[in-house]
Amino acid sequence: MSAASLRVGIDIGGTKTDAVAIDADGRVAYELRLATGFGAESVLATAVAAVEGLARAAGRTPETFASIGIGIPGAVDVASGRVEHAVNLGLSGLDLGSEVAARLGRSVRVENDVNAAALGAFSLLGRTSAQSMAYLNLGTGLAAGLVLGGRLWRGSRGVAGEIGHIPVDPSGPLCPCGQRGCLELMASGSAVARQWPTDEPKPVRALFAAADAGDALAIEVRERLVENVAAAVRLLVLTVDVDDVVIGGGLSSLGDVLLAEVRAVLTRWAASSEFLASLQLADRVTLVPSGTNAAAIGAALVGAADASESVTV
Ligand SMILES: [Zn+2]
């Protein structure tokens, strides 16, 4: 296979970094996973090591790849490749794009990780440029990426889809963002950790199991989680009327159990509202295909796009 047709995507997460090289048809040809270090130097070294590792696997050098894209949490200036506020990675501000480019001797593009995953999911699901999709990321936090008419919609200041910080309970707990009762505090991995602390390695799975076993608090926390995920789906459809809302992120690994619960809530709401019934919300929500790496694949698609244009897949 010609390395010139391989596009590299790197998804830098809080604990691990996933990297893929995809071929011209979007199929994953090579992939690897590394632990992500903490702080600017470690993050840079991890990104460079990921590209070099893929190059070794492909029997090539990094400069022969067609493109390199990086997805990372935080506020990303896609024009400059600078990332701010990636707190979980120990980054207050880093010129990630130019630093990695300098070390590899070639250009790279940087995108917010949820936006990258939205593009990846759009591609994995085989959507066309006539379609629109919201990608609802349920991880430590809650945020959405919007692909409208095949193009990533970042908004005027890159904040489009940050619905995790829409307050849903004015008397709720204080959010690190300074507001009270944000959606993210009700429907995310950190929301579960706060309301139902456990040492289990898979805390949300443990929550669902405890709720199934009749634990009253677990039932209450699970209900709050599921209702607020359903509320996020409703919010996204009412705001941008996307064809579908695709749930991804760590919590999506719950699979059909989560999807069935969310659909049940949406169906219940539809039964008491003709308006909501007409929106067919339960039919519009789905899960990112299991066993796929939407964020890294999306990062590869980001890297392939011309820097002067919106990303089209
Ligand atoms: Zn908030």
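Helices (H or I, at least four residues) and strands (E, at least two) are taken here as DSSP runs, numbered from the N terminus. The structure is a predicted model, in which local features need pLDDT of at least 70 and side-chain atom pairs count only at pLDDT 80 or more, while totals for chains, interfaces and linings use all residues. Residues are numbered from 1 along each chain as its sequence is written, and side-chain values use heavy atoms, with hydrogens and water left out.

A word on confidence comes before the details. pLDDT is the predictor's confidence in each residue, from 0 to 100. The protein chain has a mean pLDDT of 93, and 96% of its residues reach 70 or more. Residues 307-313 are a stretch with pLDDT below 50, although the model still gives this stretch 16 contacts (heavy atoms within 4.5 Å) beyond near neighbours in sequence. Where pLDDT is low, the predicted coordinates should not be read in detail.

Next comes the metal. The zinc ion takes its protein donors (N, O and S atoms within 2.8 Å of the metal, or 3.2 Å for Na, K and Ca; water is not among the atoms, so sites may look incomplete) from His 165 through ND1 and from Cys 175, Cys 177 and Cys 182 through SG, at 2.0 to 2.3 Å. Along the sequence these donor residues follow the spacing H-x9-C-x1-C-x4-C. The site is tetrahedral, with angles of 105 to 122° among the 4 donor atoms; for four donors, that label requires all angles to lie between 85 and 135 degrees. Two of the donor residues, Cys 175 at 4% relative accessible area and Cys 182 at 0%, are buried (under 20% relative accessible area; exposed is over 50% and partly exposed in between, with a 1.4 Å probe and protein chains only).

On to the helices. H7 runs over residues 256-271, and its 16 residues reach 22 Å from first C-alpha to last, close to the 22 Å expected at 1.5 Å a residue; the expected span is 1.5 Å times one less than the number of residues. Buried in H7 are Leu 258, Leu 259, Val 262, Val 265, Leu 266 and Trp 269. Seen down the axis, these buried residues fall within an arc of 130°, so they line one face of H7; the arc is that of the directions from the helix axis to the C-beta atoms. Asp 256 and Ala 271 are exposed on the face of H7 turned away from the buried side.

Helix H10 (residues 294-304) is mostly covered, with 10 of its 11 residues buried. Its cover includes strands E1 (7-12), E2 (16-22), E3 (28-35), E4 (67-72) and E8 (109-112), plus helix H3 (113-124).

Elsewhere, Met 133 sits in strand E9 (residues 133-138) and is buried at 0% relative accessibility. Leaving out residues up to four places away in sequence, Met 133 touches ten residues' worth of neighbours listed as Ala 118, Ala 121, Phe 122, Leu 125, Gly 145, Leu 146, Val 147, Val 242, Asp 244 and Val 246. Its C-alpha atom is separated by 10.0 Å from that of Val 285, 152 residues apart along the chain. Arg 284, in helix H9 (residues 281-284), is buried at 15% relative accessible area. Beyond its neighbours within four places in sequence, Arg 284 has contacts that include Val 237, Asp 241, Val 242 and Leu 279.

Asp 241 is also notable for its backbone, with a positive phi of about 50° although it is not a glycine; this residue lies in the loop between helix H6 (216-240) and strand E12 (244-248). Gln 280, in the loop between helix H8 (274-279) and H9, likewise has a positive phi of about 50° without being a glycine.

Methods. Four donors count as tetrahedral if all angles lie between 85 and 135 degrees; four count as square planar and six as octahedral if opposite donors are over 155 degrees apart and all others between 65 and 115; anything else is irregular.
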